[in-house]
Amino acid sequence: RTGQPIQCRAAVAWEANKPLELCEVRVDPPGPGEVRVKIEATALCHTDKYTLSGQDPEGKFPCILGHEAAGVVESVGEGVKSVVPGDHVVPCYQAYCGECPMCKSQKTNLCSKIRKYTGAGVMASDEKSRFSCNGKTIWHFMGTSTFSEYTVVHEVSLAKIDKNAPLDKACLLGCGVSTGLGAVLNTAKAEKGCTAAVFGLGTVGLACVDGLRLAGAKRIIGVDLDKNKFERAKDWGCTDTLCPKDFGDKPIQDVIVEMTNDDGVGGVDYSFECIGNVEVMRSALECCHKGWGESVVLGVAGSGQEISTRPFQLVTGRVWRGAAFGGYRSRIDVPKLVTRYMNKEIRVDEYVTDVMKLEDINKAFQAMTDGLCLRCVVLM
Ligand code: NAD
Ligand code: AHE
Ligand code: ZN
Ligand code: ZN
């Protein structure tokens with residue numbers, strides 16, 4: 001490899017369930033097919049918190065978390081053709097190579113080219129990490145590791161975006177906002193006039209609501225345990241809001257089926273689980289219309305947790321689906337989403353409720369679970 005290592009600041013997760021530590025790390029130059037990126041802004045997603053909590057079977061410590069960011073290419077490794085230094089990029093935890101059997105199938109956005117390496121916290125060319133701290137190896141996370149001033153990612157994980165897009169907003173298209181929009185537009189393929197229920201009104205859920213608004217849904221029922229989320233959900237486009245606590249022991253799926261019973265059968269055309277709670281996943285399936293209702297699981301549940309329902313629910317035509325990164329082919333679709341954002345077709349700015357500096361990243365983790373925080377953007 002040519003190029004020099006860079007010493008820079010990064011927030012290191014040394015162990016599960018411990019605060020991150022701001023450290024001086026060494027970032028090696030990019031290897032073949034790799035790119036070193038100067039991160040300008042990174043948001044926190046609940047999946048970062050989930051992995052830090054120790055519940056992620058792929059969580060490997062010490063590591064540098066972070067996967068919702070935007071930055072500028074600093075240098076490229078051998079053979080890299082799609083980006084040059086100075087390009088503005090969004091690192092994507094879901095790669096797109098266009099050549100592997102998964103990409104070629106055109107049936108999925110899940111690229112298999114480097115997935116086993118990103119899951120193991122290393123780079124594909126030599127199965128090694130590019131990060132270290134005082135000689136100790138620090139593992140990569142989701143192929144992105146954006147809680148660092150510089151990171152190294154695979155070329156196939158980089159979406160090159162419009163240089164006019166503000167990086168402190170475009171970063172959100174690296175995960176949460178794209179995930180919700182895509183679940184509606186790509187996975188459910190919701191159509192004009194449909195009815196829908198969205199469980200969990202955080203960033204992912206609200207992005208589903210925005211997608212449903214774009215699709216022309218006639219009814220969007222937002223469900224959350226926290227009623228403080230309702231005013232904002234209505235602003236995003238929810239026509240109804242429900243708090244399960246208001247219905248005592250009555251299952252929320254029964255409430256939804258009753259309130260959508262205009263045709264004498266009841267149930268929504270589409271539902272989206274945006275929490276990561278396996279009980280709620282069941283409610284989301286069972287509130288779907290008999291014969292055709294489809295439920296999309298977006299939430300990430302902890303290791304060992306499982307979903308269940310009566311098979312009769314599926315026998316009678318309900319469909320259970322799931323989506324990673326909203327079904328978007330990252331490298332191709334993220335630049336298009338950035339354009340849609342610049343054209344004011346989709347909301348992005350509105351999810352940024354907090355802005356902090358890298359040294360305050362532990363406060364950012366706290367903010368994520370407090371009150372009305374949607375996305376906290378950390379500026380390097
Ligand atoms: P968030 O915490 O901001 O939102 C979750 C919302 O659910 C909150 O408003 C909370 O009040 C509500 N809630 C919690 N328990 C509830 C319950 N039992 N019933 C009703 N409401 C409840 O999280 P987020 O950033 O929007 O992410 C949501 C989920 O999506 C997480 O599990 C995250 O890991 C996952 N995620 C998945 C993908 C993917 O590609 N599939 C991408 C991003 C995030
Ligand atoms: N590592 C976990 C799974 C975590 C997970 O499901 N990740 C989602 C993205 S969450 C983004 O905030 C995903 O896209 N998964 C598909 C993939 O290829 O990682 C585990 O259970 O092992
Ligand atoms: Zn995420
Ligand atoms: Zn591929």
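How many of the nine residues of helix α9 (residues 278–286) are buried? In this predicted model, the count is seven, and the helix is mostly covered. The buried residues are V280, M281, R282, S283, A284, L285 and E286. Their packing partners include both strands and helices: on the strand side they meet β10 (195–199), β13 (270–273), β14 (294–297) and β15, and on the helix side α8 (252–259) and α10 (311–315).

Several of these strands reappear in an open sheet of six strands, which is ordered β12-β11-β10-β13-β14-β15 and pairs in the parallel sense. Its edges are formed by β12 (240–242) and β15 (319–322), each of which pairs on one side only. Ignoring direction, neighbouring strands of this sheet are turned against each other by 20 degrees on average. At one end of the order, β11 (residues 219–223) runs parallel to β12, and three bridges join the two. Within this pairing, V223 has L242 of β12 as its bridge partner.

A second sheet to look at is open as well, with four strands in the order β1-β2-β6-β7 and antiparallel pairing. Here the edge strands are β1 (6–12) and β7 (136–138), each paired on one side only. From one strand to the next, the twist averages 45 degrees. Strand β6 (residues 131–133) and β7 are antiparallel and share three bridges, and C133 stands opposite K136 in β7.

The loop between α3 (115–120) and β6 holds K128. This lysine is partly exposed, because 14 other C-beta atoms lie within 10 Å, a count between the 12 or fewer of an exposed residue and the 20 or more of a buried one. Leaving aside residues up to four places away in sequence, K128 touches V122 and M123. The C-alpha atoms of K128 and I6 are 17 Å apart, while 122 residues separate the two along the chain.

On a broader scale, the protein chain is divided into domain 1 (6–174 + 348–379) and domain 2 (180–323). Taken over C-alpha atoms, the domain centres are separated by 30 Å. Nine residues from domain 1 and six residues from domain 2 make up the contact. On the domain 1 side, the residues that touch domain 2 divide into five nonpolar, two polar and two charged.

The two domains also come together around a ligand. Both domain 1 and domain 2 give residues to the shell around ligand 1, so this ligand lies between them. The shell holds 31 residues, of which G200, G202, V204, G276 and V300 come nearest. Helices α1 (46–52), α5 (176–188) and α6 (203–215) each supply at least two of the shell residues. By class, 17 residues of this shell are nonpolar, eleven are polar and three are charged.

Which residues, then, surround ligand 2? Its surroundings consist of C45, T47, D56, P57, E58, Q94, L110, R115, C175, V300, A324 and F325. This shell divides into seven nonpolar, two polar and three charged residues. V300 is a point of connection between the two descriptions: it is listed around ligand 2 and is also one of the residues that come nearest to ligand 1.

Conventions: Residues numbered from 1 in each chain as written. Chains lettered and ligands numbered in written order. Predicted model: local features only at pLDDT ≥ 70, side-chain atom pairs only at ≥ 80, totals over all residues. Near = placed C-beta within 6 Å. Nonpolar A, V, L, I, M, F, W, Y, C, P; charged D, E, K, R; others polar. Pairing = 2+ DSSP bridges. Axes fitted to C-alpha atoms, helices over the stretch in contact; angles between N-to-C directions. Domains from an automatic or database assignment. Contact = placed C-beta atoms within 7 Å.
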